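Subject: Structure handover

Hello,

Here is the structure I promised to pass on. Please open it first, then read my notes alongside it.

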Amino acid sequence: MIFVVSAPRSGLNWMRFCMEHYLGVKTPGKDVLIKADTGLEPVFRRAHNARKGAKPDKSKPLLAQTRPEDKVLILLRDPLETFVRAAEKSYKEYRGFIENIRYFTGCKARQKHAAYYEDMTAKPAVMLETINFLGVAPLPGHALPNLEQLTADWAKLGDMSRGSYEVRQAHGGGSMTRERPTDFQFHQQKLNEAEKQQVWRHLRRELNEEQMALLARYMPQGGIRTVGPVTRIGDMIRTFS
């Protein structure tokens, strides 16, 4: 079994588009290129919050479903971008981001891979590496691309995927960075510096050292500042508000 966990707007739809385009397989979620009525079963299970399980079995958390022989992929985006874009600045909605990281480090799967939104969006080699990790066999008449082919197709596929996303995700505003797809700090501009530090303090409270290491590339310059007891109490109040 293959499990893919990601907060919303973390690159899953882009990966799904590439897989369906090249491999001809069905991936879980709203139809991208392969329609549901083809009768094909999705080639992996996905979850935006690992604690809530994944279709078709949402009766128990993924941690209880995952076996040593399974594969687990986590897609990660800048925690500040996710806090604004996916969680809409709600710590309650941000739980999925945290639960996915906890699941990834704690599950029994021997084969795990972490891929980052910025790399998968801008680097064909990273997209190819991620799809190769999943090891999904192409259907007849399809084939996994090599790096040269994927690189040549990259811009065209990106335009096609964003156009499809505009339609499928219109309720969520569609692609908000379509004019600047490599602006990876677009959404966090809605946060001031104090709010950014609050998010990072929240993550440090919730995640252990191994889990925080997955986010090291995003760590604020100068680190997470130490605060006094009044600020810590304020942080806790905001978390539950």
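Are Phe 83 and Tyr 91 buried or exposed? Both are buried. Keep in mind that this is a predicted model.

**Aromatic pairs**

I searched the whole structure for aromatic pairs, and the search finds 6. Phe 83 and Tyr 91 form one of these pairs. Their ring centres are 4.8 Å apart. The planes meet at 50 degrees, and the pair is tilted.

Phe 83 also pairs with Tyr 94. Here the centres are 5.2 Å apart and the planes stand at 80 degrees, so this pair is edge-to-face. The cut-off for that label is over 60 degrees. This pair links distant parts of the chain. Phe 83 is in helix H3, residues 79–85. Tyr 94 is in the loop between H3 and helix H4, which covers 95–106. The two residues are 11 apart. Tyr 94 is buried, and so is Phe 83.

Now put the rings together. Phe 83, Tyr 91, Tyr 94 and Phe 97 form one aromatic cluster. Find Phe 83 on your screen, then look for the other three members of the cluster.

**The loop between H3 and H4**

Stay in this loop for two more residues. Glu 88 is found there. Its phi is near 55 degrees, a positive value in a residue other than glycine. Glu 88 has a relative accessible area of 66%, so it counts as exposed.

Lys 89 lies in the loop between H3 and H4 too. Lys 89 is not a glycine, yet it has a positive phi of about 65 degrees. How exposed is Lys 89? It is partly exposed, because its relative accessible area is 38% and that class runs between 20% and 50%.

**Charges over rings**

Next, look for charged side chains sitting over rings. Lys 71 lies over the face of Phe 133, at 5.5 Å from the ring centre. Arg 217 lies over the face of Tyr 116, with 3.9 Å to the ring centre.

**Helix H6**

Phe 133 leads us to helix H6, which spans residues 124–134. How many of its 11 residues are buried? The count is 8, and the helix is mostly covered. Phe 133 is one of the buried residues. The others are Pro 124, Val 126, Met 127, Leu 128, Thr 130, Ile 131 and Leu 134. Just after H6 comes Gly 135, which takes a positive phi of about 70 degrees.

**One cavity**

Rolling a probe the size of a water molecule over the atoms shows where empty space is left. A search of the whole structure finds 1 cavity of 30 Å³ or more. The largest cavity holds about 30 Å³ of space.

Which residues line it? They are Val 5, Ser 6, Ala 7, Ser 10, Ile 74, Leu 75, Leu 76, Arg 77, Phe 97 and Asn 100. Phe 97 should be familiar from the aromatic cluster. By class, the lining has 6 nonpolar, 3 polar and 1 charged residues.

Where does the lining come from? Strand S1 (2–6), strand S3 (71–76) and H4 each supply at least two residues. S3 gives the largest share, with 3 residues.

**Cysteines**

How many disulfides does a search of the whole structure find? It finds 0. Cys 18 has a relative accessible area of 0%, so it is buried. Cys 107 is buried as well, because its relative accessible area is 7%. The cut-off for buried is under 20%.

**Two distances to try**

Here are two distances to check with your viewer. Start at Tyr 117, in helix H5, residues 117–122. Tyr 117 counts as buried because its relative accessibility is 13%. Pro 145 is 28 residues from Tyr 117 in sequence. In space, the two are 20 Å apart, C-alpha to C-alpha.

Then go to Ser 164, in helix H7, residues 147–168. Ser 164 has a relative accessible area of 16%, so it is buried. Along the chain, Ser 164 and Asp 183 are 19 residues apart. Their C-alpha atoms are separated by 20 Å.

Best wishes

Definitions and conventions
Residues numbered from 1 in each chain as written. Heavy atoms only, no water. Phe/Tyr/Trp six-rings, centres within 6.5 Å; stacked < 30°, edge-to-face > 60°. Buried < 20%, exposed > 50% of the residue type's maximum accessible area, 1.4 Å probe, protein only. Helix = DSSP H or I, 4+ residues; strand = E, 2+ residues; numbered from the N terminus. Lys NZ or Arg CZ within 6 Å of the ring centre and 35° of its normal. 1 Å grid on protein atoms, 1.4 Å probe; cavity = no way out; pocket = protein on both sides within 12 Å on 5 of 7 lines; lining within 4 Å. Points joined across faces, edges and corners; volume = space filled by probe spheres on them. Nonpolar A, V, L, I, M, F, W, Y, C, P; charged D, E, K, R; others polar. Disulfide = S-S within 2.5 Å.
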